[in-house]
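Me: I am in my first year and would like a close look at a single part of this model, the place where the ligand sits. Could you take me through the residues there and then follow some of them outward to the contacts they make?

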Amino acid sequence: MRGAAKDSAIPTQLPGHNALLMGTDWYPEQWPGSRWDTELGMMEAAHLNVIRIGEFAWSRMEPSEGHFDFAWLDRAIALAGKHHIAVVLGTPTAAPPAWLTLKYPDTLRMDTEGRRVSHGNRAHFNVTSQRYRTFCRTIAAEMAKRYGHDPTVIGWQIDNEYGYAQMSYDDDARKQFQDWLQVDHKTLEALNQEWTTSYWSETYDAWSEIPIPWIPHNPGLMLDWRRFVSYAYTSYEENQMNVIRQLADPRQFITGNFMGYGFDGFDHFTVAHPLTFASWDDYVGSGHLDPDVNGMSHDAMRGLKRENFWVIETQPGFVNWSNLNNSLNKGEVRAMAWHDVGHGADEVSYWQWRSALNGQEEMHGTLVGPDGEPEPLLSEVTQTAQEFAQTQSVFRGTRPVSEVALLHDYESRWAVNWQVHTQRYDENSVLRGYYHALRKLAQSIDIVNPAAPLDSYKLVVAPSLNLIPKDRAAHLIEYVKNGGHLVLGPRSGMKDEYNALLPLRQPGYLIEPLGGRVEQFYALERDVPLSGTLGSGTATIWAEQLKTLAPDAEVLLRYGASNGWLDGQPAIITHSFGKGRITYVGAVLEPSLMSTLADWLVKSSGVTPALGPVPEGIEVNRRVGPDGAVFVLINFSPERQTVALPRSMKVILSPPIQSESPAVCQPGVSQPAAPPDSCPAETSQIELPRYGVSILLDAAKKIADLNADRR
Ligand code: GLA
């Protein structure tokens, strides 16, 4: 078994610190220094052990050009240390000071109408401005010189949410794009051919003729522009990272805060690549936590580096920017924090500690009110932070391990969204449909890039992999030949790396191993019945008419009466190839048929559930390490639930049978405490009230056993 074995050092778990951390995002520059000791004392009392600071404080650090004032930050960091709180320093480049942008207007982004954006919001900088990058490098260097060896500072966050991928449309940015294209395509002749520019007179005779696309353009140009956006933000980030790495202790990590699965402004795999680990900002917004929607984002963020991650911001009850800024229910914030950990988070940090008295986010949820007194939520966060500290030792060296992978490709996602063909087709919900059905059965899923090593997975599902160039096809074929089961969803294998149609039917270079192909695709006006050996149900939104070519290719479902073209034709085909199998699903399936398909996929691929059957609404999460598997079970259903475990497990944290209040049964090393009397040492059944959390250690399943179970 290759691929799954990783060394046990997990970059998100820092030597000398608890394996699980809980913290908050704090802005000392917004408060008089006389208050800081009190605020940090309150954080310490709440068992918070990490703060992120500084990411918007450039005007305080460099009040005028070249004049730095770090005395205040020295003091804030020293006080944090005094209260045993570790510090993550944010570089403040998401909010350049007024003196900078006014004196050097080219550091401001230019919009598509040729206007520079105005100062006073954030992310108004010009990511491609070399002058701006010089200022960023200088402030990062000054910070790293000062804090790169500070024992209280554990790491760095570059910028804040990477400018939401916004670009500047000025002449210099355009020239940089043209130069970047030249490196990639080498000759104009090649570019013209790869983009098929002999179309609407798009042929370019000089690199300088190539525009920045901000309206629908040639698909090749659009894809290359997005690649350039990803490159621009990566080089912007590396510009700061390189100087920090030169000046700071190697023990200090460097991370960035992404925004989950939903945001696709750049290719996150590219931007995350140089970081020590990925972090993300996890907000529910309106409504309540949907464990699948949020879990999918966690798994996608974990997939960026195929490693645990941090939730460096999350909502303390409610936000200020959604349509309805309702609060999460009592108990839900705690359940959400454990759900984060279950999916691989090793830190959870609340944005923010206390609201500035003025500024654009006055109404956002906080842990402390404007009067400096605790908000009602702080007691729940304190309890959770205490539980993190008490149970952390069982999580050391553990990470989620899955037998099923979903392939997520930003380029395919953009390609489909630019020519969506029916407004009802949504890449996000197609992926979520597969995620929802498969997670329920497998209880653990990885979401990875198609180029990732796949050989540790029993089942690899590409819900909508539009771009399958030759090298990607070769990688997938290798996986199948070696015994994997590859499932391709609708719109797969249509295009090459330049977003051009392949001169083949779908799925292109996978036609031969599939033993079949797509004859034609159809945007559906209405649902179409499906039936066959797999069962019956309906196709919705999108349907592809398939055809078997190999005599041993099997048809699992056929379309019923529809537009005439589809009637009676194959909708799902499967074919064994090498030691493995390829299945092509030509239609978007409604949820119950998707469950039927997922059931067949899991069974036919030999996927074993992480735990086993649980009642509806119980979320199972499993992290595996050298001492066994740690299960985090959470009840997101409104009713109290009883879960029968497949074998007896050690209780680490559980609501005692009669009471709603949880008990830590297996204390961690950092905060020894006698197990409460109500805690059984072992159990084979647990009861969970709504938002109840149970943590169990299954010593029978160590990482080595799990690896042996796999292919
Ligand atoms: C983002 C930002 C934070 C803050 C929160 C509010 O994630 O990174 O600075 O504005 O949103 O929800």
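Reply: What follows begins at the ligand and then moves on to ring pairs and salt bridges. Please keep in mind that this is a predicted model, and that every value below was computed from it.

Which residues surround the ligand? They are Phe56, Arg122, Asn160, Glu161, Asp281, Tyr283, Glu313, Trp321, Trp351, Glu361 and His364. Sorted by class, this shell consists of 5 charged, 4 nonpolar and 2 polar residues.

Several of these side chains can be followed down to single atoms. In the side chain of Glu161, an N or O atom lies 2.6 Å from an oxygen atom of the ligand, and for His364 the corresponding distance between a side-chain N or O atom and a ligand oxygen is 2.7 Å. Trp321 also takes part, with a polar side-chain atom that is 2.8 Å from an oxygen atom of the ligand. As for the cover around the ligand, its accessible area on its own is 310 Å², and the protein covers 96% of that.

Trp321 deserves a second look, and with it the aromatic rings. A pair of aromatic rings is described by how far apart the centres are and by the angle between the planes. Across the whole structure, a search finds 38 aromatic pairs. One of them is formed by Phe177 and Trp180, whose ring centres are 6.4 Å apart and whose planes meet at 20°, so this pair is stacked. Both residues belong to helix 6 (residues 171-185), where they are 3 residues apart, about one turn of the helix. Phe177 is buried, because its relative accessible area is 0%, and Trp180 is buried as well, with a relative accessible area of 18%.

The pair that brings us back to the ligand is Tyr283 with Trp321: their ring centres are 5.9 Å apart and their planes stand at 80°, so the pair is edge-to-face. This pair links distant parts of the chain, since Tyr283 lies in the loop between strand 7 (279-282) and helix 10 (291-305), Trp321 lies in the loop between strand 8 (309-314) and helix 11 (332-342), and the two are 38 residues apart. Tyr283 is buried, with a relative accessible area of 19%, whereas Trp321, at 48%, is partly exposed. The 19% of Tyr283 is judged against a cut-off that calls a residue buried under 20%.

Another residue of the shell, Glu313, leads to the salt bridges, of which the count comes to 29. Arg52 and Glu55 form one of them, with N and O 2.7 Å apart, and both of these residues are buried. A further salt bridge joins Asp106 and Arg131, whose closest N and O atoms are 3.0 Å apart. Asp106 lies in the loop between helix 4 (98-103) and helix 5 (130-147), while Arg131 is in helix 5, so this pair ties together parts that are 25 residues apart in sequence. In the salt bridge between Arg517 and Glu519, the closest N and O atoms are 2.6 Å apart; Arg517 is partly exposed, with a relative accessible area of 24%, and Glu519 is partly exposed at 22%. Where salt bridges share partners, they join Asp25, Arg52, Glu55 and Glu313 into one network. Through Glu313, then, a residue that surrounds the ligand also belongs to a salt-bridge network.

Technical notes: Residues are numbered from 1 along each chain as its sequence is written. This is a predicted model: local features need pLDDT of at least 70, side-chain atom pairs count only at pLDDT 80 or more; totals for chains, interfaces and linings use all residues. Side-chain values use heavy atoms; hydrogens and water are left out. A residue is near a molecule or strand if one of its heavy atoms lies within 4 Å of it. A polar contact is a pair of N or O atoms within 3.5 Å; within protein, one must be able to donate a hydrogen and the other to accept it, and residues adjacent in sequence count only if both atoms are side-chain atoms. Accessible areas come from the Shrake-Rupley method with a 1.4 Å probe; for residues, only the protein chains shown count as cover. Ala, Val, Leu, Ile, Met, Phe, Trp, Tyr, Cys and Pro count as nonpolar, Asp, Glu, Lys and Arg as charged, and the others, Gly among them, as polar. A salt bridge is a side-chain nitrogen of Lys or Arg within 4 Å of a carboxyl oxygen of Asp or Glu. Buried means under 20% relative accessible area, exposed over 50%, partly exposed in between (1.4 Å probe, protein chains only). Helices (H or I, at least four residues) and strands (E, at least two) are DSSP runs, numbered from the N terminus. Rings of Phe, Tyr and Trp (its six-membered ring) pair if their centres lie within 6.5 Å; planes under 30 degrees apart count as stacked, over 60 as edge-to-face and the rest as tilted.
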